[in-house]
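Biologist: Could you walk me through the pockets, cavities and a few packed spots in this one? Keep it loose, but give me your cut-offs.

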Amino acid sequence: MNALSSHAVPTGVFDHPEFRNHESVCFVSDPATGLKAIIAIHDTTLGPSLGGCRVWPYASGAEALTDALRLSRGMTYKNALAGLDLGGGKAVILADPRKDKTSDMMRAFGSYVERLSGSYITAEDVGVSPSDMEAVAERTAHVRGTRDTGLGDPSPYTALGVFVGIQAAARHALGSADLDGLSVSVQGLGHVGFDLCGRLQAAGAKLIVSDIHAPSVEKAIEVFGATAVPAAQAHQVQADIFAPCALGGGLNSETIPALKAGIVAGAANNQLMTAEDGLALKARGILYAPDYAINAGGVISIALSRPGESDALVVEQTQAIGATLTRIFERAAAENLTPEVVADRMAEERLAKP
Ligand code: NAD
């Protein structure tokens with residue numbers, strides 16, 4: 001036995017627990033601007049990889065790698081299920097967006113995206129602003145989601161997709177897509193949540209709203225006549241539908257037993273803390289709309305919009321989220337599976353037959 005085999009082998013990409021045959025993982029360093037980034041391309045079976053660029057003060061390179069591997073794979077599934085001819089990729093920049101990020105750093109990032117010759121297309125994500133993306137676009141054409149490349153802010157389309165997803169869930173669980181008179185607890189009144197409230201109100205739903213940012217709650221009361229509850233109680237109020245539109249991880253072993261709604265359908269990413277939480281929802285007879293299926297309107301708008309064109313195609317494809325969710329719910333019921341497992345299978349089936 002040599003010295004190396006008697007010790008733990010250093011963890012690299014190929015033996016990383018989140019590695020799932022990613023096509024390429026690019027480590028980027030530009031000392032002149034302080035840029036340190038990882039660009040992960042998971043799968044390009046359906047087309048070039050598309051996924052946002054996240055700027056985050058990761059505690060370590062290992063943490064950033066975990067995020068890049070996990071998020072890029074998530075984009076493969078999301079883009080496949082949304083019917084887009086795009087693969088999955090993601091970039092993470094290791095920096096504090098408030099302290100470290102500069103235009104030069106973003107321009108340098110753009111140069112590295114350009115080197116990938118279009119196999120990775122970038123867009124905004126957490127910690128990245130429209131002006132950052134303008135800096136990136138100075139160095140590469142492989143950018144989407146800006147005003148120059150299409151419709152700009154994807155949030156209204158995300159909200160539209162969540163709205164039609166809620167209708168599909170209501171049709172499946174309650175026998176009708178008519179939301180008139182149903183109560184919806186919307187948790188998080190940001191870009192997506194607030195827009196969603198407007199659509200729900202127009203459909204006659206009764207709104208129960210919450211946010212940790214008090215002015216957003218006051219505005220929702222004023223604009224929609226909504227009833228407010230403390231943010232920590234959003235999941236446990238008496239409502240027909242719970243729509244998580246804040247942060248991920250909200251469906252877990254503490255919150256699920258307290259849920260009163262029969263439907264969970266909202267915009268937040270990574271809503272289930274663990275796979276067991278999906279089973280727990282099923283065991284309680286609560287219908288869950290898989291997050292990456294229902295919140296795909298944003299990526300659809302980023303992928304399909306072109307400058308100067310109407311949003312008709314984006315709206316049509318976003319409204320198709322309702323039909324996709326109906327297929328997911330029906331198959332989950334027929335095969336006695338959870339909706340999120342069916343969503344994964346449907347994405348994998350599309351990848352297997354591109
Ligand atoms: P946002 O930052 O505009 O809004 C989030 C809101 O949630 C804020 O008002 C914030 O104060 C509130 N919030 C944070 N923690 C909370 C808590 N514990 N309880 C209640 N409220 C809380 O974000 P957004 O763009 O509206 O996105 C909302 C969610 O949807 C996020 O999970 C995001 O990843 C996901 N998503 C957004 C889009 C999009 O197009 N914007 C697309 C796909 C998924």
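What follows is a short exchange about the pockets, the cavities and some buried residues.

Modeller: This is a predicted model, where local features need pLDDT of at least 70, side-chain atom pairs count only at pLDDT 80 or more, and totals for chains, interfaces and linings use all residues. Residues are numbered from 1 along each chain as its sequence is written, and side-chain values use heavy atoms, with hydrogens and water left out.

Biologist: Which element gives the most to the lining of the second largest pocket?

Modeller: A pocket here is an open set of points on a 1 Å grid over the protein atoms alone, with protein on both sides within 12 Å along at least five of seven lines; lining residues have an atom within 4 Å of a point. This pocket has a volume of about 210 Å³, the volume being the space filled by probe spheres set on the points, which are joined across faces, edges and corners. Of its 14 lining residues, the closest to the centre are Ala80, Leu81, Thr324, Arg327 and Met346. Helices (DSSP H or I runs of at least four residues) and strands (E, at least two) are numbered from the N terminus, and the element giving the most, with six residues, is helix 10.

Biologist: Where does the second largest pocket lie with respect to domain 1 and domain 2?

Modeller: Domain bounds come from an automatic or database domain assignment. Domain 1 (2–137) and domain 2 (155–351) each contribute lining residues, so the pocket lies between them.

Biologist: How many cavities of 30 Å³ or more turn up, and which residues line the second largest cavity?

Modeller: A cavity is a set of grid points where a 1.4 Å probe fits but cannot get out, and the search of the whole structure finds two of 30 Å³ or more. The largest holds about 40 Å³ of space, and the second largest about 30 Å³. The lining of that second one splits into five nonpolar, one polar and no charged residues, where Ala, Val, Leu, Ile, Met, Phe, Trp, Tyr, Cys and Pro count as nonpolar, Asp, Glu, Lys and Arg as charged, and the others, Gly among them, as polar. The second largest cavity is lined by Leu81, Ala82, Ala293, Ala296, Ile321 and Thr324.

Biologist: Is Leu325 buried or exposed, and what is its relative accessible area?

Modeller: Leu325 sits in helix 10 and touches Gly165, Ala168, Ala289, Pro290, Ala293 and Ile294, leaving aside residues up to four places away in sequence; contact means heavy atoms within 4.5 Å. Its C-alpha atom is 6.6 Å from that of Ala168, 157 residues apart along the chain. Buried means under 20% relative accessible area, exposed over 50%, partly exposed in between (1.4 Å probe, protein chains only). Leu325 is buried, at 0%.

Biologist: And what is the relative accessibility of Thr146?

Modeller: Thr146 is in the loop between helix 3 (130–137) and helix 4 (155–174). Met133, Leu151 and Gly152 are in contact with Thr146, not counting residues up to four places away in sequence. Thr146 counts as buried, with a relative accessibility of 12%.

Biologist: How far apart are the end C-alpha atoms of helix 11?

Modeller: Buried residues of helix 11 include Pro339, Val342 and Met346, and the buried set packs against elements including strand 2 (35–43), helix 1 and helix 10. The expected span is 1.5 Å times one less than the number of residues. With 14 residues, helix 11 should span 20 Å, which agrees with the end-to-end C-alpha distance of 20 Å.
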